[in-house]
Amino acid sequence: MIKIMRLIELKSDLKEAFLDFANDYENSGENRYLTAKNHFDEFLEKLSTGKKKENLPPEFVPGIQYFMVDGKRILGSIRFRFYLNNNLEKEGGHIGYDIRPSERRRGYGTLILKLVLEKVIEKGLKEILITCDSDNIGSKRIIEKNGGIFIDEVFIDISKKNVSRFKIILTSNKNTALNSDSANATSE
Ligand SMILES: CC(C)(COP(=O)(O)OP(=O)(O)OC[C@H]1O[C@@H](n2cnc3c(N)ncnc32)[C@H](O)[C@@H]1OP(=O)(O)O)[C@@H](O)C(=O)NCCC(=O)NCCS
């Protein structure tokens, strides 16, 4: 069966799907969406206000959070920050993502980054920074498969961990994953 994956913004009609998604993390011992699950309306509000600089404290960077859906089932989430500040330059970069625990190791992490790069290009960025913990092998592979070019490794004092930094150049449309026909996917 061909699956058509799309990136969407979360709306109230997907509340049931979101609770199912959040439960997947909770059942696996990850508390990533616990607050959002328990305060869904506030979470929707936060997603909305987070898109505009004027809604945020000065140190916050605006961005958009997408959810990757297969029909009404949410498979993962990806956050795209519109620009960097000093902290994000070091750790965080433009993009962060996660795939629901029960659906990992099936190529969805690679796909969700591929899909968001199309949005990033639409927004007019020519290059993005993306980082991951140096021991996060899965995330590293996802970045590399989407055309990531290793920049360097930095040590983060607060968390005492090494973070690898990559850039993805978007001007030439030559990202490996963007040209790949290995996944049936579309984004709206
Ligand atoms: C990291 C994460 C997004 C990977 O998602 P995923 O859907 O499993 O990724 P994919 O299936 O596309 O895997 C991509 C590659 O990484 C490999 N991989 C994935 N998880 C791995 C792991 N835990 N250990 C080793 N390799 C792994 C896959 O085998 C695949 O490699 P291949 O293409 O060479 O076969 C997912 O584990 C997750 O949500 N983790 C928690 C949040 C997180 O770490 N986000 C990244 C922050 S930068």
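In this predicted model, helix α6 provides the largest share of the shell around the ligand, with 6 residues. The shell counts 19 residues, of which R104, G109, T110, G138 and R141 are the closest to the ligand. Three elements, β4 (95–99), α5 and α6, each contribute at least two residues to this shell. Sorted by class, the residues around the ligand comprise 6 nonpolar, 7 polar and 6 charged.

The two helices that take part in the shell also pack on each other. Helix α5 spans residues 108–123 and helix α6 spans residues 137–145; their axes lie 9 Å apart and make an angle of about 45 degrees. An angle of that size falls outside the ranges for roughly parallel (under 35 degrees) and roughly perpendicular (65 to 115), and α5 and α6 are therefore oblique to each other. Their crossing is right-handed. On the α5 side the contact is made by G109, T110 and L113, and on the α6 side by G138, I142 and K145. By class, this contact holds 2 nonpolar, 3 polar and 1 charged residues. A handy link to the ligand emerges here: G109, T110 and G138 take part in the helix contact, and G109, T110 and G138 are also listed among the closest residues to the ligand.

Each helix can then be placed against a sheet, beginning with α5. Four strands form an open sheet in the order β1-β2-β3-β4, with antiparallel pairing. Its edge strands, β1 (5–8) and β4, each pair on one side only. On average, neighbouring strands of this sheet are turned by 20 degrees against each other, direction ignored. Strand β3 (residues 73–81) runs antiparallel to β4 and is joined to it by 5 bridges; F80 has I95 of β4 as its bridge partner. Helix α5 packs on this sheet, where it touches β1, β2 (63–70), β3 and β4, and its direction makes about 45 degrees with that of β3.

Turning to α6, the strands concerned belong to an open sheet of 3 strands, ordered β5-β7-β6 and paired antiparallel. The edges are β5 (127–133) and β6 (149–156), each of which pairs on one side only. Neighbouring strands are here turned by 25 degrees against each other on average, again with direction ignored. Between β6 and strand β7 (residues 161–169), which run antiparallel, there are 7 bridges, and V154 stands opposite V163 in β7. Helix α6 lies across β5 and β7 and runs at about 160 degrees to β5.

Technical notes:
Residues numbered from 1 in each chain as written. Predicted model: local features only at pLDDT ≥ 70, side-chain atom pairs only at ≥ 80, totals over all residues. Axes fitted to C-alpha atoms, helices over the stretch in contact; angles between N-to-C directions. Parallel < 35°, antiparallel > 145°, perpendicular 65-115°, else oblique. Left-handed = near helix turned anticlockwise from the far one by under 90°. Contact = placed C-beta atoms within 7 Å. Nonpolar A, V, L, I, M, F, W, Y, C, P; charged D, E, K, R; others polar. Pairing = 2+ DSSP bridges. Near = placed C-beta within 6 Å.
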